[in-house]
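User: I am new to this structure and would like a close look at a single part of it, the place where the ligand sits. Please take me through its surroundings carefully, and then set them beside the enclosed spaces elsewhere in the protein.

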Amino acid sequence: MTISYNNISVRIHLDRIRDNFTLLRNLATQPIGVIKSDAYGHGLLPVANTLAAAGARTLAVGTVGEAVKLRKGGFDGRVIALLGALTPEEACTCRIGHIVPFVFSLEHLRMISDAATDEAPIPVALKFDTGMARLGFSEADIPAILEALPSLSGIKVSIVASHFAVSDEPEKEDYTREQHATFSRIIAALRTAGQSFEATIANSAGLLAYPETHHELQRPGIALYGANPLHGTANEHLGAGLHPAMDVGTPILQVHDLPKGKTISYGRTFTAPRDMRVAIASVGYADAFSRGLSNKGTMIVNGQRAPIAGRVCMQMTAVDVTDIPKVSSGDTAWILGGPCENPVTPEELAAAWGTITYEVFCLLGLNPKTFSS
Ligand SMILES: *Cc1c(COP(=O)(O)O)cnc(C)c1O
């Protein structure tokens, strides 16, 4: 989906994604670039090309459909589909496109095996649940899996994976360590039974904070885009070298006075406490700029903070520019990032929005994007 009626402009700094990847690679063994959901809103193919040029040999998308887009875009490394192959057609697509599906049930394993030809088995990633309670086999399924494998000549287990629930919360490290202990038992049992594969459990926070969970492959997503998954925690410093790659700006349509006592925007939720000047920025909830930011959040105008005044409208939002000199229509209001000393950070915008950086990126990234390298 692309929104095409707006003035907002999303700029993706691919050089920063490359630098973030390099930083992560230097901490890890082999990071897989996680680029599901249009690379967290940053653009599937531009990000894939950037990561490939920086040395990424494996990329992970969500659906098989996204994996096909990646192949058609020319990526010739390994592609993983984290949501798996859900139909026999998708299983065939995996065979033809050399796409490695995550698999979380025996039923899907059989379906994929049936889609294979005599030439070569289809490589799959077995997904185990170790505490997220979302998708996956459980540790107790191992005997059944080992019993089924000899009859599944169409597949080859090439990766064994699991996913952390709280690796970004150092105060809950006991749970992360428990998940990792379970995962370690699972991979040991499978290896003892003669399977050989690469193991992976670390997401961005796992990669940064738990080196003992790195195994052969790591799966950073959010850190590639420069948000620090450990922001606001005792381990914040571990992600301090990451640089946000998404800047979002929009033109100011008009600047006018708002005398003391006057209200602004729908619902009259903001009353001017003094004689003010306000700028009307061309962005609203139709541009995925949440109405929940009404009277919260700030934008950057001429390098300074301009607090949001009143309700966010469908395509417009007012900001207080009383203390910012020389603001005029046509100037840019920065919603995220901005070319100045104190850009709006993803973490800051997410906090005002009442959500996480992941959702901020995915939603603002629905707008038209330009790319710089
Ligand atoms: C999204 C995702 C990741 C990346 O997680 P981050 O917290 O963004 O690093 C890794 N593994 C799986 C299975 C995912 O779905």
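Analyst: In this predicted model, 13 residues surround the ligand, and the closest of them are K36, Y40, S204, I222 and Y358. Sorted by class, this shell is made up of six nonpolar residues, four polar ones and three charged ones.

Three of the closest residues can be followed down to single atom pairs, each of which joins an oxygen atom of the ligand to an N or O atom in a side chain. For S204, the distance between the ligand oxygen and the side-chain atom is 2.5 Å. For K36, an oxygen atom of the ligand lies 2.7 Å from an N or O atom of the side chain, and for Y358 the corresponding distance, again from a ligand oxygen to a side-chain N or O atom, is 2.7 Å. Around the ligand as a whole, the protein covers 92% of the 390 Å² of accessible area that the ligand has on its own. The space that the ligand takes up is the largest pocket.

Apart from that pocket, the structure holds two cavities of 30 Å³ or more. The largest cavity contains about 40 Å³ of space, and its lining consists of K127, F128, D129, T130, M132, R134, L135, S162 and H163. By class, that lining is split into three nonpolar, three polar and three charged residues. The second largest cavity contains about 30 Å³ of space and is lined by F289, L293, G297, T298, M299, I308, I335 and L349. Here the lining has six nonpolar residues and two polar ones, with no charged residue among them.

To place these parts along the chain, it helps to know that the protein is divided into domain 1, which covers 14–229, and domain 2, which covers 246–344. The centres of the two domains, taken over C-alpha atoms, are separated by 41 Å.

To return to the part you asked about, the ligand occupies the largest pocket, with K36, Y40, S204, I222 and Y358 as the closest residues in its shell, and the protein covers 92% of the accessible area that the ligand has on its own.

Technical notes. Residues are numbered from 1 along each chain as its sequence is written. This is a predicted model: local features need pLDDT of at least 70, side-chain atom pairs count only at pLDDT 80 or more; totals for chains, interfaces and linings use all residues. Side-chain values use heavy atoms; hydrogens and water are left out. A residue is near a molecule or strand if one of its heavy atoms lies within 4 Å of it. A polar contact is a pair of N or O atoms within 3.5 Å; within protein, one must be able to donate a hydrogen and the other to accept it, and residues adjacent in sequence count only if both atoms are side-chain atoms. Accessible areas come from the Shrake-Rupley method with a 1.4 Å probe; for residues, only the protein chains shown count as cover. On a 1 Å grid over the protein atoms alone, a cavity is a set of points where a 1.4 Å probe fits but cannot get out, and a pocket is an open set with protein on both sides within 12 Å along at least five of seven lines; lining residues have an atom within 4 Å of a point. A molecule sits in a cavity or pocket if more than half of its atoms lie within 2 Å of its grid points. Ala, Val, Leu, Ile, Met, Phe, Trp, Tyr, Cys and Pro count as nonpolar, Asp, Glu, Lys and Arg as charged, and the others, Gly among them, as polar. Domain bounds come from an automatic or database domain assignment. Grid points are joined across faces, edges and corners, and a volume is the space filled by probe spheres set on the points.
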